[in-house]
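How do the helices of this chain sit against one another, and which of their faces are turned inward or outward? The paragraphs below take up these points in turn.

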Amino acid sequence: ANTVWAYATVGYSSPLLFDKAAEVVLPRLCEFKNQEISNTVWAYSVFNFPSSSEFGTHPDLVRLIVSSIDKFDDKQLSQLHQWNLLGKERIGKTLLPLNVS
């Protein structure tokens with residue numbers, strides 16, 4: 001989470017890094033804290049979802065976020081909102097249900 005967030009923060013794109021991170025992160029999502037989730041999805045959205053694994057739009061990720069949306073703080077919700085908007089731009093629909101976004 002910290003690595004992809006740092007790359008996004010400084011504007012350094014590395015699709016290979018994002019692919020590898022997605023391979024590691026997706027099976028371990030339930031171990032992530034809210035900040036790690038929001039930082040990670042924000043980083044993927046900054047670079048227009050660069051992973052070939054579609055991590056940034058994966059249904060398990062969306063379900064996890066929706067199920068714990070009330071536990072995110074304002075900054076994390078802001079990151080999730082940006083991810084949701086950019087997801088809509090990329091795939092043509094919002095990633096989060098309207099009552100959550």
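For the angle between two helix axes, a value over 145 degrees counts as roughly antiparallel, whereas one under 35 degrees counts as roughly parallel. The model to which this convention is applied here is a predicted one.

With that cut-off in hand, consider the pair formed by α1 and α2, whose axes lie 10 Å apart and which pack at an angle of about 155°. The two helices, α1 and α2, are therefore roughly antiparallel to each other. The crossing in which α1 passes α2 is left-handed, and the residues that make the contact are T3, V4 and Y7 on the side of α1, together with L17, F18 and A21 on the side of α2. Sorted by class, this contact of α1 with α2 comprises 5 nonpolar residues and 1 polar residue, while no charged residues take part.

The helix α2 itself spans residues 15-25, and its buried residues are F18, D19, A21, A22 and V25. Viewed down the axis of α2, these buried residues fall within an arc of 165°, so they line one face of the helix. On the face of α2 that is turned away from this buried side, one finds the exposed residues L16 and E23. As for what covers the buried residues of α2, the covering elements include α1, which runs over residues 2-10, and α3, which runs over residues 34-46.

A comparable reading can be made further along the chain, for α4. In this helix the buried residues are L61, V62 and I65. Around the axis of α4 they cover an arc of only 95°, which puts them on the same side of the helix. The exposed residues R63 and S67 are carried by the face of α4 turned away from its buried side, and what covers the buried residues of α4 includes α3 and α5, the latter comprising residues 74-91. The helix α3 is thus among the elements covering the buried residues of α2, and also among those covering the buried residues of α4.

One residue of α4 may be considered separately, namely P59, which lies in this helix of residues 59-67. Is P59 buried or partly exposed? With a relative accessible area of 46%, P59 is partly exposed, since buried means under 20% and exposed means over 50%. Along the chain P59 and L95 are 36 residues apart, and their C-alpha atoms are separated by 8.8 Å.

How values were computed:
Residues numbered from 1 in each chain as written. Predicted model: local features only at pLDDT ≥ 70, side-chain atom pairs only at ≥ 80, totals over all residues. Heavy atoms only, no water. Buried < 20%, exposed > 50% of the residue type's maximum accessible area, 1.4 Å probe, protein only. Helix = DSSP H or I, 4+ residues; strand = E, 2+ residues; numbered from the N terminus. Arc of directions from axis to C-beta. Contact = heavy atoms within 4.5 Å. Axes fitted to C-alpha atoms, helices over the stretch in contact; angles between N-to-C directions. Parallel < 35°, antiparallel > 145°, perpendicular 65-115°, else oblique. Left-handed = near helix turned anticlockwise from the far one by under 90°. Nonpolar A, V, L, I, M, F, W, Y, C, P; charged D, E, K, R; others polar.
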